[in-house]
Amino acid sequence: MNGYRIANFVMQAVCVLLHLLFIIGFLRRRQSTPIWRWFVVVTAGLFMLISGRFFESVAYLFLPFNAFYTFAVYWQFVGTTYATFSYLFWNLHLAGLERAAESKALRIGLFSVSTALCLVICTNHYSGLFYKKLVMGESVVHGPVHTPWIVWVYGMLFVGYVISVVNIIRKGKEKIKRIAVFSMFPLFPAIAALIRSVTGVDELDYTPLVVAISVFCMYLIVFRRNYVNLIPQSMESALEQTESALVVYEPGSGEVTYKNRAAEAYAEYLPQILRDAGEPGDVREKKFGPATLRIRVSEFGDGASRLVTVTDVTSLTEQRSRLEEEIVQRDEAVRELEDRRRNIDAYLEALYQIPDLKEKQALFDATKEEAVQAFADMKDNMDRAADDIAECGPLLHENIEKSETTLASVRKAVARMKEGSV
């Protein structure tokens, strides 16, 4: 018997460590999706199951205390209860049944019953409702709640399993392969636990190994191979209405696992688009036929798949081209204005080099004002002389003097302006 205990201890220790490392590694790839969150809860519940089996082996080999042994038994039953509870809601999300998966009444009801059964299990040493007799190394005697617990837990497991199988049958390809791989999770641990519960055979504990295989199959089918639809129906209907094409594919095989309705418009160019998509984080624009497409690549799931977003930016490209042409034209206009400004600056510089420019400008303005005033006065005298021809002599004489004076001022100004000019 000790040989079996040692073999169980070694196998369970390895499985517990690998399971824990798997959970830690999976948590590092955090995703804000209900499928991801429920999967974490499922694997945590299964970790409680196999760690409980490990605690049993520790009790038999190193800590032969019945209290520690009963704790190990209760621990694994609680983990199994919440693992199957989470498994049911996980499958509801996988099948796209968002209304049922998000129903508060359904969650509260199933959680309340599961928690009540867990409370009965954890207080069994007071009530004896789950086990009438639970003594280390002796045959167990089941209580009245044990059978209802089995019906409840396996009922949730069966319902969740049926929901996923029906969803696989209704959608996608490779149905037989997908169903076979998906069935490994609920059937293997369930059959193993059922055999152990009914027969009481406990020499070689193969439950941790079965759970490890089952969890890996569950991870493989959902997060690596995308054998089920990860997009809920409520989101899928919204994605179908988007103008951007969304494509999920595997870089290794080039297999497309999902594409929305908008992607059908690019079916002719889709293989080339995926070949030229690049690595996660890449964004590029390329012309396919008459359209210019912007292609963005992101990681999908655990990183084994790629999400490619294709957006038609033809109109934006044309607008950008027109804008660039307009910028070129405005740059040319600016350069022309700069040339004119430089010519004006050169002209002003030449003017500033004329000697006594300010004095000459003032003389020119004064001479101009004198000439305008002289002409106004002479016109006034002529008008007065026309009204009185007999007395016009003095007025005409005054005009002659004004014209001679003004003419002298103009000649003087012209002579002054010519000084220093070439």
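This passage describes helix 3, the nonpolar cores and the paired strands of a predicted model.

Helix 3 runs over residues 66-94, and its length can be checked against simple helix geometry. At 1.5 Å a residue, the 29 residues of this helix should span 42 Å, and because its end C-alpha atoms lie 42 Å apart, the expected and the computed values agree. The helix is mostly covered, since 23 of its 29 residues are buried. Just after helix 3 comes glycine 96, whose phi is positive, at about 80°.

Threonine 84 serves as an example of a single position within helix 3. Its relative accessible area is 7%, and because a residue counts as buried when this value is under 20%, threonine 84 is classed as buried. When the neighbours within four places in sequence are left aside, threonine 84 is found to be in contact with Val153, Met156 and Leu157.

The largest nonpolar core of the model contains 43 residues, of which Phe39, Leu46, Tyr87, Trp90, Phe182 and Phe223 touch the most other members. Two or more residues are given to this core by each of helix 1 (2-28), helix 2 (34-61), helix 3, helix 7 (146-170), helix 8 (175-199) and helix 9 (207-224). Helix 2 provides the largest share, with 12 residues. The surroundings of leucine 46 can be described in more detail: with its neighbours within four places in sequence left aside, leucine 46 is in contact with His19, Ala83, Phe185, Val211 and Val215. Apart from this core lies another one, of 17 residues, and among its members are Phe288, Ala291, Leu293 and Val310.

The description now turns to the strands. Strand 5, which covers residues 283-288, pairs with strand 6, which covers residues 291-300, in the antiparallel sense, and 6 bridges join the two. Within this pairing, glutamate 285 stands opposite arginine 294 of strand 6. The two strands, 5 and 6, form a hairpin with 2 residues between them, and glycine 289, which is located in the turn, has a positive phi of about 65°. Strand 6 also pairs with strand 7 (residues 305-312), again in the antiparallel sense, over 8 bridges. In this second pairing, valine 297 has valine 308 of strand 7 as its bridge partner.

Technical notes: Residues numbered from 1 in each chain as written. Predicted model: local features only at pLDDT ≥ 70, side-chain atom pairs only at ≥ 80, totals over all residues. Heavy atoms only, no water. Helix = DSSP H or I, 4+ residues; strand = E, 2+ residues; numbered from the N terminus. Buried < 20%, exposed > 50% of the residue type's maximum accessible area, 1.4 Å probe, protein only. Contact = heavy atoms within 4.5 Å. Pairing = 2+ DSSP bridges. Expected span 1.5 Å × (residues − 1). Core = buried A, V, L, I, M, F, W, Y, C linked by side-chain atoms within 4.5 Å.
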